[in-house]
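Student: Could you pick one part of this structure and take me through it closely? I'd like to see how the pieces around it fit together.

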Amino acid sequence: SCEGYKGVSQSAGHHIANNGLMSKIIGIGDKKPTKKYSVNLLGEYNIGGDGWEQERILKRIGYEVVTIFTGDGSYETMKNAHFADLNLVMCHRSINYVAEMMKTKYGTDWIKVNFIGVGATCKSLRDMAKYFGDEELIKRTEEVIEDELASIYDDMEYYKTKLKGKTAGIFVGGSRAHHYQLLLSD
């Protein structure tokens, strides 16, 4: 019953799809997370494999990813989304609607995150740990950030020498183009 990208800004179609998720899928599952802290990634469409990398890092820290909306999400994982402790909202436009509905219906809080770019990813991981307020989780987050940064240091330095003084253009209309400002700044 989804009319796709209906409307001038595609948002009407998104609302139809979001309402369908809430009325027919989210909340019908019974598989609860097994880890202390669980999250959903909302608005991660895994266009270039981003969701796999985000999930890898989140698991390293100790989070359980219940589901990803909708990149690698499945009916089986999405129906259990209501059990997550926190929703991580990547796409700050149409998926906010699901996040707000889940907060109202299930009490699942949500925060905005941005996993595009090194600096934005570090900030998002720290914001998540701060949200939960667990000193051990905060410590583990910093350890994983330090280790991940060390593994890409040489590559980052190489690209900085190639890109120093360059100007980038962002042509909007694509998926989450506004996030790429921080990536290009990095």
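Tutor: Let's start with two aromatic residues, Y63 and F132, both of which are buried. Keep in mind that this is a predicted model. Y63 sits in the loop between helix 2 (50-61) and strand 2 (64-70), while F132 belongs to helix 5 (residues 118-132). They are 69 residues apart, and yet they pair up, linking distant parts of the chain.

How do the rings sit? A pair of aromatic rings is described by the distance of the centres and the angle of the planes. The structure has 4 aromatic pairs. In the one made by Y63 and F132, the centres are 6.0 Å apart and the planes make an angle of 45°, giving a tilted pair. Planes under 30 degrees apart would count as stacked and over 60 as edge-to-face, so what falls between is called tilted. For contrast, look at Y158 and Y159: their planes are at 80° with the centres 5.0 Å apart, so that pair is edge-to-face. Y158 counts as partly exposed, because its relative accessibility is 45%, whereas Y63 and F132 are buried. Y63 and F132 also have aromatic company, since they form one cluster with Y37 and Y131.

Now zoom out a little from Y63. Y63 is part of the largest nonpolar core, which has 24 residues, and is among the six that touch the most other members; the others are V39, L58, L88, L125 and M128. In soluble globular proteins, nonpolar side chains tend to be buried together. Who supplies this core? At least two residues each come from strand 1 (38-44), helix 2, strand 2, strand 3 (86-89), helix 5 and helix 6. Helix 5 gives the largest share, with 5 residues. Apart from this core there is another one, of 16 residues, including M78, I95, A99 and W110. A99 is also one of the buried residues in helix 4 (residues 96-106), together with N96, V98, M101 and M102.

Back in the largest core, L88 is a good residue to click on. Not counting neighbours within four places in sequence, L88 is in contact with V39, N40, L41, L42, L58, I111, V113 and M128. V113 is found in the loop between strand 4 (109-112) and helix 5. With only 2% relative accessibility, V113 counts as buried. L88 and V113 are 25 residues apart along the chain, but 6.0 Å separates their C-alpha atoms.

Next, follow helix 5, the home of F132, to its partner helix 6 (residues 135-163). The axes of helix 5 and helix 6 are 9 Å apart, at an angle of about 175°. These two helices are therefore roughly antiparallel. On the helix 5 side the contact uses V118, C122, L125, R126, A129, K130 and our F132; on the helix 6 side it uses L137, I138, T141, E142, I145, L149, I152 and M156. Sorted by class, these contact residues are 11 nonpolar, 1 polar and 3 charged.

Helix 6 also packs against helix 2, with the axes 9 Å apart and an angle of about 130°. That pair is therefore oblique. Here R56, I57, R60 and I61 of helix 2 meet L137, R140, T141, V144, D147 and E148 of helix 6. This contact has 4 nonpolar, 1 polar and 5 charged residues. One of its members, E148, is charged, so you might wonder: is E148 buried or exposed? E148 counts as buried, because its relative accessibility is 15%. Leaving out residues up to four places away in sequence, E148 touches R56, I57 and R60.

Finally, here's the wider setting. The chain has 7 helices and 4 strands, in the order α-β-α-β-α-β-α-β-α-α-α. Out of 186 residues, 40% count as buried, and Y63 and F132 belong to that buried set. Among contacts between residues at least 6 apart in sequence, 67% join residues at least 24 apart. The pairing of Y63 with F132, 69 residues apart, is one example of a link between distant parts of the chain.

Methods. Residues numbered from 1 in each chain as written. Predicted model: local features only at pLDDT ≥ 70, side-chain atom pairs only at ≥ 80, totals over all residues. Heavy atoms only, no water. Phe/Tyr/Trp six-rings, centres within 6.5 Å; stacked < 30°, edge-to-face > 60°. Buried < 20%, exposed > 50% of the residue type's maximum accessible area, 1.4 Å probe, protein only. Axes fitted to C-alpha atoms, helices over the stretch in contact; angles between N-to-C directions. Parallel < 35°, antiparallel > 145°, perpendicular 65-115°, else oblique. Contact = heavy atoms within 4.5 Å. Nonpolar A, V, L, I, M, F, W, Y, C, P; charged D, E, K, R; others polar. Core = buried A, V, L, I, M, F, W, Y, C linked by side-chain atoms within 4.5 Å.
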